[in-house]
Structure formats: C-alpha cells, structure tokens
Amino acid sequence: MENHPKTFTKVKSYVPFHGPCDPCPPIGRKYYRTPPNLYVGFQQPSLPQFSPAEALMKGTLWPVFYDFYENPYKKRRV
Amino acid sequence: MWTYEKKLQYPVKVSTCNPTLAKFLMEQYGGADGELAAALRYLNQRYTIPEKVIGLLTDIGTEEFAHLEMIATMIYKLTKDATPDQLREAGLGEHYVAHDSALFYSNAAGVPFTAAYIQAKGDPIADLYEDIAAEEKARATYQWIIDMSDDPDLNDSLRFLREREIIHSQRFREAVEILKEERDRKKVF
C-alpha cells in the first residue's frame, strides 16, 4: 500500500481473442473497472472534500473516491 | 438498539414502467452478494472481531439495511401496478404464483436467500477479506444492472449505491491495515 501510484485510471480494457469459429460478432474491447479504493491505501488526513449537499448526492465526501459509472458498451447498442 | 428515520438514504425515483428491472434488482435484494447478505454478514461478524473495527462493522452493516430499503422501494415501485400478464412477460410469472406482487428474498433467478451465502470464520483477516470481496461483487452487480437499465432516474440511485460499495471496500481495506499494525508501536500520522 505504501507504493501506490499518485495517478491512476479507473477503467482498463483489453481485446479478447476472437477466432474464426466464434459464432457472434466480436465485442471488440472488453472493459473492467479499477475504482480508487484499489489505489489510495489508508486515507491520508486533510484531503479535499465535496460540500455536504454535494457529498450526500454523490455518495462520498471525498473527490478522490468518487467514480461515476456508465455502461461502456452503450455506443454499440442498436 | 437502532433508531429509525422514516426516509430513504437517497431518493428513489423510477421513471419507466419496466417490471423486468425489478427482476434484475432482486439480485441485490435476496442474492448472494445483495444488501441483505451484506447486512447480516457484517452485523454478525462484529461480535468476534478486534475492538478497533467493531464500530466499522456496525456502521456499515446498518447502512446496508438502508440500502436494502432503497432496493425494496425500487422493486415495489416497478411491480405494484403490474398486471399478472405484465409480470409474466417480465419473467416474474413464477414469482407471482408464489407471492403475488409481494417482495421476497430471492435472487434474480428466483433462488431463495440462504445463510450459506455468508460466513463468519472468526479469523479477523479472513472475515475482512470476505467483506472486501463482497463489496467488490456488489459493486460489479450494480454495474451490470446499470448496463441492463435504460431508466436514468433509477440509474442515478444505483450509481449512489455503487459509490457506497467503493467507500465500504475502502474502509474494510483500512480495517485490515489497522489489524496488521504492530501492536504498541508508536505511530505518527
């Protein structure tokens, strides 16, 4: 936990193998989430805070832990 | 002892009549990684965990019941005005036969809740690691429900619940760090 990076991405992706005998069109890129709690370690004091009203809506007081989620495959939906 | 506030932790608004979403949401109601399993797991494990982290399990276990209440509200709103035909179309025909539109603790596939979903091993690290895993699994379940849902208002509430899973996981990870700390060693923050 001591060596956690200062910056990190919250989404990772990879392209799964697609063979000639696979029946469906390839999904292309496959995504997975790596939220902030994997990187931050024991929370340091004096981190920036949301306003109380904003925090109640966002589900956390701390911007460092906020992670908005959206369906990563939405564009492909036909 | 608990006190009850007659309001939801976060507003629940459902903008589309889509009973199929209620079926999906039941995974978080009576499923293996659902809110009921979480609440019962933490509130039970806390008796045999070092004092320093009992309060954390109490707080998070209590909050899980507030989440359970939100999920219940979503399911209720999505099914309360549905006819038997609509419920059958939504894949809830079997549910209707046994329960009418009453809520029941089963998962999205209709499997009833069981205590076998949760564990209390008595080993603090084993228990906290299970709790971390449970939070990540619940976070993933919320993601997959959001992926399946077209309801922007429902997704807003689900995003709040997903964020809480991240925070709970963070706090359980910190609890592990507290228990790893060498006893009686001077530490400065």
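Here are some worked exercises on a predicted model with chains A and B.

**Exercise 1. Work out how many residues of chain B are in contact with chain A, and what kinds of residue they are.**

Step 1. Start with the contacts: 22 residues of chain B touch 25 residues of chain A.

Step 2. Now look at the area. Roughly 2100 Å², that is "about 2100 Å²", is buried between the two chains, and carbon and sulfur atoms give 52% of it. On the chain B side, D147(B), R159(B) and E163(B) lose the most area to chain A, together 25% of what that side buries.

Step 3. Next, find the elements involved. Two helices of chain B, α6 (124-148) and α7 (152-180), each give two or more residues to the side that touches chain A. Of these, α7(B) gives the most, with 14 residues.

Step 4. Finally, sort that side of chain B by type: 7 residues are nonpolar, 3 are polar and 12 are charged.

**Exercise 2. Find the charged and polar pairs that cross between the chains.**

Step 1. Count first. The interface of chain B and chain A has 2 salt bridges, and 12 residue pairs there are in polar contact.

Step 2. Pick out a salt bridge. R159(B) pairs with E70(A), and their closest N and O atoms are 3.2 Å apart.

Step 3. Look for a linked set. R33(A), D67(A) and R162(B) are joined in a network of salt bridges.

Step 4. Put the pairs in context. Side chains of opposite charge can pair when their charged atoms come close. Over all chains, the whole structure has 15 salt bridges.

**Exercise 3. Decide whether E136(B) is buried or exposed, and list what it touches.**

Step 1. Locate the residue: E136(B) is in helix α6 of chain B.

Step 2. Check its accessibility. The cut-off for buried is under 20%. E136(B) has 15% relative accessibility, so it counts as buried.

Step 3. List the neighbours. Leaving out residues up to four places away in sequence, E136(B) touches P35(A), N37(A), L38(A), S169(B) and R173(B).

Step 4. Zoom in on one of them. The side chains of E136(B) and R173(B) are joined by a polar contact of 2.8 Å.

**Exercise 4. Compare the salt bridges D85(B)–R88(B) and E174(B)–R171(B).**

Step 1. Take the distances. D85(B) and R88(B) meet at 2.6 Å, N to O, while for E174(B) and R171(B) the closest N and O atoms are 3.0 Å apart.

Step 2. Check the spacing. D85(B) and R88(B) sit 3 residues apart in helix α4 (residues 84-89) of chain B, so about one helical turn separates them. E174(B) and R171(B) both lie in helix α7 of chain B, also 3 residues apart, about one turn of the helix.

Step 3. Check the accessibility. D85(B) is partly exposed at 44%, and R88(B) is exposed at 57%. E174(B), in contrast, is buried at 9%, and R171(B) is buried at 18%.

**Exercise 5. Find where the nonpolar cores lie and how helix α2 of chain B is covered.**

Step 1. Begin with the largest core, which has 27 residues; L25(B), M70(B), I71(B), M74(B), I75(B), L158(B) and L161(B) touch the most other members. The elements giving two or more residues to this core are α1, α3, α6 and α7 of chain B, and α3(B) has the largest share, with 7 residues.

Step 2. Follow one member. Beyond residues up to four places away in sequence, L161(B) touches H67(B), M70(B), I71(B), M74(B) and Y142(B).

Step 3. Look for another core. A second, separate one has 12 residues, among them Y42(B), A134(B), A175(B) and V176(B).

Step 4. Turn to helix α2 (residues 35-45) of chain B, where 9 of 11 residues are buried. Those buried residues, including Y42(B), pack against α1 (19-30), α3 (51-79), α6 and α7 of chain B.

**Exercise 6. Identify where S46(A) and D100(B) sit, and what is unusual in their phi values.**

Step 1. Recall the background: most residues other than glycine have a negative phi.

Step 2. Read the values. S46(A) has a positive phi near 65°, and D100(B) has a positive phi of about 55°.

Step 3. Place them. S46(A) is in the loop between β2 (30-33) and α1 (52-58) of chain A; D100(B) is in the loop between α5 (93-99) and α6 of chain B.

Step 4. Add the accessibility: S46(A) is exposed at 76%, and D100(B) is partly exposed at 44%.

Conventions:
Residues are numbered from 1 along each chain as its sequence is written. Chains are lettered from A and ligands numbered from 1 in the order in which they are written. This is a predicted model: local features need pLDDT of at least 70, side-chain atom pairs count only at pLDDT 80 or more; totals for chains, interfaces and linings use all residues. Side-chain values use heavy atoms; hydrogens and water are left out. Contact means heavy atoms within 4.5 Å. Buried area is the accessible area (1.4 Å probe) that two parts lose on being put together, summed over both. A salt bridge is a side-chain nitrogen of Lys or Arg within 4 Å of a carboxyl oxygen of Asp or Glu. A polar contact is a pair of N or O atoms within 3.5 Å; within protein, one must be able to donate a hydrogen and the other to accept it, and residues adjacent in sequence count only if both atoms are side-chain atoms. Helices (H or I, at least four residues) and strands (E, at least two) are DSSP runs, numbered from the N terminus. Ala, Val, Leu, Ile, Met, Phe, Trp, Tyr, Cys and Pro count as nonpolar, Asp, Glu, Lys and Arg as charged, and the others, Gly among them, as polar. Buried means under 20% relative accessible area, exposed over 50%, partly exposed in between (1.4 Å probe, protein chains only). A nonpolar core is a set of buried Ala, Val, Leu, Ile, Met, Phe, Trp, Tyr and Cys residues joined through side-chain atoms within 4.5 Å.
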